[in-house]
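Hello,

Here is the structure I promised to pass on. Please open it and keep it beside you while you read.

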Amino acid sequence: IQETTREFLGSLKPEEMKAYNVIPKVQEITGEIVGRIFFGKNLNSYTFEGKPLTLALADIMSDVSMVGKTMPALLLGAKVMKMPFFTKNQQLLKRITGFRQICYDIIEARKAQKDTMPDDLLALLLNSLNSNDIEHRYSDEDIVNEFITFFVAGMDTTGHLIGMALYNLSQNPQYLDELKAERDLTYNQEQQVTAETLQKMDTLHCVLKETLRMHTPAPTSFLRVSLEDHVIGDLKVKKGELVRADFCFLFNNPKHFPEPSKFDIDRWRNNEAKLDPYAFIPFSAGSRNCIGQHLAIIESKIIISEFLEKFDFKLQDGYKLKMALRFLYEPEQDLLLELSCKK
């Protein structure tokens, strides 16, 4: 993660620094990280629709989400993708098929390597084919599905988290000096960062938690089917009804978070022990919580630390933040920063 981050930040051109579109630019880093962890360093040789594979997947996921919010999809479900009179949906379905085919091609190419299998997650999953237990063997389709899950956890949402954390720091510069002092005491003491180092970065951890509270990229859970009739508070839920939790309402409830519109990292240092454990669940909770939450926090701490070490930054003049719910909860307009190299 550290190596990839330095590689990307070190290759920025002066014209990119004048209007640094932070979320997609950081997604290039997190996408490359996810790709290298999963598919190895050969990922750069594959593109889809003229884009790196991970960025193309981000576009597809966003488009799928927008289709899911349309009235035909809400009424008819997934079959709306195959109906002939919804031509845009059919085009999207072809893009999905094309993307998955490239993933299958990568898997087949890896299988052909045999004795030269790299040390990455794909090799681990392919090794499951040698298991004596059939249920533990991953099919090619299983592996592609795991990659997409891994991507959502490790690239898309993490890019948004980092981008919004930098936005919040630009609006609350009082925390920058504190972060620098923390970095000098911990992160900068080692050429190669370790998990133990990251665990000591309490101030940065609080910045990330407050960013997740105010600008969580995933403000709601996926829909669940009620398996039986039951009552939550005074809300009656019938068997077979679709339900979901909308976290953003919890995160902005003054009962749990006084002055919820204020970016205040001290709330995590002073009062977290008193907080209801289900009042703040940005990675969901229970047996289906986010499998990639630890990767997301590790990536965020490393990328932000490297970014702040290399650049001074400010929000582009005249920018006004307005959020929109697409596949993720994100800025409606590009979040642009002006960067300058530190001397």
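Below is what was found in it, from the overall fold down to single residues. Please keep in mind that this is a predicted model.

Overall fold

The protein chain has 343 residues. It folds into 14 helices and 11 strands. Along the principal axes, its C-alpha atoms fill a box of roughly 60 × 55 × 45 Å. The radius of gyration is 21 Å. A compact globule with 343 residues would have a value near 20 Å, so the two agree. Of the residues, 44% count as buried.

A three-stranded sheet

Look next at the open sheet built from 3 strands. Their order is E1-E11-E8, and the pairing is antiparallel. Which strands sit at the edges? They are E1 (20–21) and E8, and each of them pairs on one side only.

Now check the pairings. E8 (residues 311–315) and E11 (residues 336–341) are joined by 5 bridges. E1 and E11 are joined by 2 bridges. Find Leu-337 in E11. It is the bridge partner of Leu-315. It is also the bridge partner of Tyr-20.

E8 is worth a slow look, residue by residue. Its side chains alternate. Phe-311, Phe-313 and Leu-315 point to one face and are buried. Asp-312 and Lys-314 point to the other face and are not buried.

The cavity

How many cavities of 30 Å³ or more are there? The count comes to 1. About 40 Å³ of space lies in this largest cavity. Its lining is made of Leu-179, Arg-183, Met-201, Leu-204, Ile-304, Ser-305 and Leu-308. Of these residues, 5 are nonpolar, 1 is polar and 1 is charged.

Two helices each supply at least two residues of that lining: H9 (174–185) and H14 (293–310). H14 gives the most, with 3 residues.

The second largest pocket

Move on to the second largest pocket. About 520 Å³ of space lies in it. The pocket is lined by 20 residues. Closest to its centre are Arg-224, Ile-232, Val-243, Arg-244 and Ala-245. Four strands each give two or more residues to this lining: E4 (224–225), E5 (230–232), E6 (235–237) and E7 (242–243). By class, the lining has 11 nonpolar, 4 polar and 5 charged residues.

The cysteines

Last, the cysteines. A disulfide is a covalent bond between the sulfur atoms of two cysteines. How many disulfides does a search of the whole structure find? It finds 0.

Take Cys-248. It is in no disulfide, and the nearest cysteine sulfur, that of Cys-290, is 17 Å away. A disulfide needs the two sulfur atoms within 2.5 Å, so a separation of 17 Å does not qualify. Cys-290 is likewise in no disulfide, with the sulfur of Cys-248 as its nearest, 17 Å away.

Are these two residues buried or exposed? Neither label fits. Buried means under 20% relative accessible area, and exposed means over 50%. Cys-248 has 26% relative accessibility, so it counts as partly exposed. Cys-290 has 25%, so it also counts as partly exposed.

To get started, find Leu-337 and trace its bridge partners, Leu-315 and Tyr-20. Then turn to H14 and look for the cavity lining.

Best wishes

Conventions
Residues numbered from 1 in each chain as written. Predicted model: local features only at pLDDT ≥ 70, side-chain atom pairs only at ≥ 80, totals over all residues. Heavy atoms only, no water. 1 Å grid on protein atoms, 1.4 Å probe; cavity = no way out; pocket = protein on both sides within 12 Å on 5 of 7 lines; lining within 4 Å. Points joined across faces, edges and corners; volume = space filled by probe spheres on them. Nonpolar A, V, L, I, M, F, W, Y, C, P; charged D, E, K, R; others polar. Buried < 20%, exposed > 50% of the residue type's maximum accessible area, 1.4 Å probe, protein only. Pairing = 2+ DSSP bridges. Rg over C-alpha atoms; globule rule 2.2 N^0.38 Å.
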